[in-house]
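Student: Could you take me on a close look at the nonpolar core and the parts of the chain around it? I would enjoy one connected account.

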Amino acid sequence: MKLKAVILDEKAMGRTLTRIAHEIIEKNKGVKDVVLIGIKRRGYPLAERIAKLIEIIEGEKVQVGSVDITLYRDDLSPLNEQPIINNNNLQVKIEGKKAVLVDDVLYTGRTARAALEAIIDNGRPDRIELAVLVDRGHRELPIRADFVGKNIPTSRKENISVEVKEIDGSDSVKIYE
């Protein structure tokens with residue numbers, strides 16, 4: 001794969017997450033009954049960062065949970081690309097809450113769908129919203145994000161790489177061809 005462009009560097013990523021935090025606060029008229037649920041791997045540290053930003057902005061803590069969705073990619077046949085829920089213990093109570101699902105990249109929508117199922121298996125939130133750092137298009141399911149950091153139209157041949165300090169040692173969003 002050849003690097004095509006750096007879409008977000010560390011500072012731009014910080015600004016983007018700050019904007020998402022403000023949008024979550026604004027849309028929900030504060031953060032009363034808001035919980036963030038990060039999709040592991042990279043959605044979870046992003047959810048934790050958004051929660052810290054919300055606390056700085058609003059002066060209120062927001063609970064953060066996680067859901068572990070894994071794609072089997074031994075061979076790239078359609079049967080092996082279905083998301084599998086590895087752990088549906090969210091670590092937060094969602095009954096009657098406004099749950100904001102957080103992920104790094106929204107692509108086909110299949111991972112978000114599997115995460116929605118995991119959330120619903122854990123209770124009935126008042127509503128579920130979706131926040132993503134990058135929306136790259138190419139949806140296969142009728143799923144859209146409520147909060148988008150950056151829309152990056154891509155071809156199916158291109159790859160988006162999100163790096164977060166907590167896992168990769170640095171923050172960036174890159175596109176490869």
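Tutor: Happy to; here is a walk from the core to the loops beside its elements and then to a buried charge.

Please keep in mind that this is a predicted model. The largest nonpolar core has 30 residues, and those that touch the most other members are Ile24, Leu36, Ile50, Leu133 and Val173. Helices and strands both feed this core: α1 (10-27) and α2 (43-58) each give at least two residues, and so do the strands β2 (34-40), β5 (98-106), β6 (127-135), β8 (159-163) and β9 (172-176). The largest share, seven residues, is supplied by α1.

Ile24 makes a good place to stop. Setting aside residues up to four places away in sequence, Ile24 touches Gly30, Val34, Leu36, Ile50, Ile54, Val100 and Phe147. Two of the names in that list, Leu36 and Ile50, also appear with Ile24 among the residues that touch the most other core members. There is also a second, separate core, with 21 residues, including Val67, Ala99, Leu101 and Ala112.

Now for the loops. The one between α1 and β2 holds Lys29 and also Asp33. Lys29 has a positive phi of about 50° although it is not a glycine, and Asp33, likewise no glycine, has a positive phi near 65°. Their surroundings can be put in terms of accessibility: Lys29 counts as exposed because its relative accessibility is 78%, over the 50% cut-off. Asp33, at 32%, falls between the 20% and 50% limits and is therefore partly exposed.

Following the chain through β2 brings us to another backbone feature. The peptide bond from Lys40 to Arg41 is cis, with omega near 20°. Arg41 sits in the loop between β2 and α2.

Last comes Asp104, which belongs to strand β5. Asp104 is buried, yet it has no salt bridge. The nearest side chain of opposite charge is that of Arg42, 5.1 Å away, and a salt bridge would need a side-chain nitrogen within 4 Å of a carboxyl oxygen. Arg42 is nonetheless one of the contacts of Asp104 once neighbours within four places in sequence are left aside. The others in that list are Gly43, Leu46, Val132, Leu133, Val134 and Val162. Leu133 leads back to where we began, since Leu133 is among the residues that touch the most other members of the largest core.

Terms used
Residues numbered from 1 in each chain as written. Predicted model: local features only at pLDDT ≥ 70, side-chain atom pairs only at ≥ 80, totals over all residues. Heavy atoms only, no water. Core = buried A, V, L, I, M, F, W, Y, C linked by side-chain atoms within 4.5 Å. Buried < 20%, exposed > 50% of the residue type's maximum accessible area, 1.4 Å probe, protein only. Helix = DSSP H or I, 4+ residues; strand = E, 2+ residues; numbered from the N terminus. Contact = heavy atoms within 4.5 Å. Lys, Arg positive; Asp, Glu negative; His and termini not counted.
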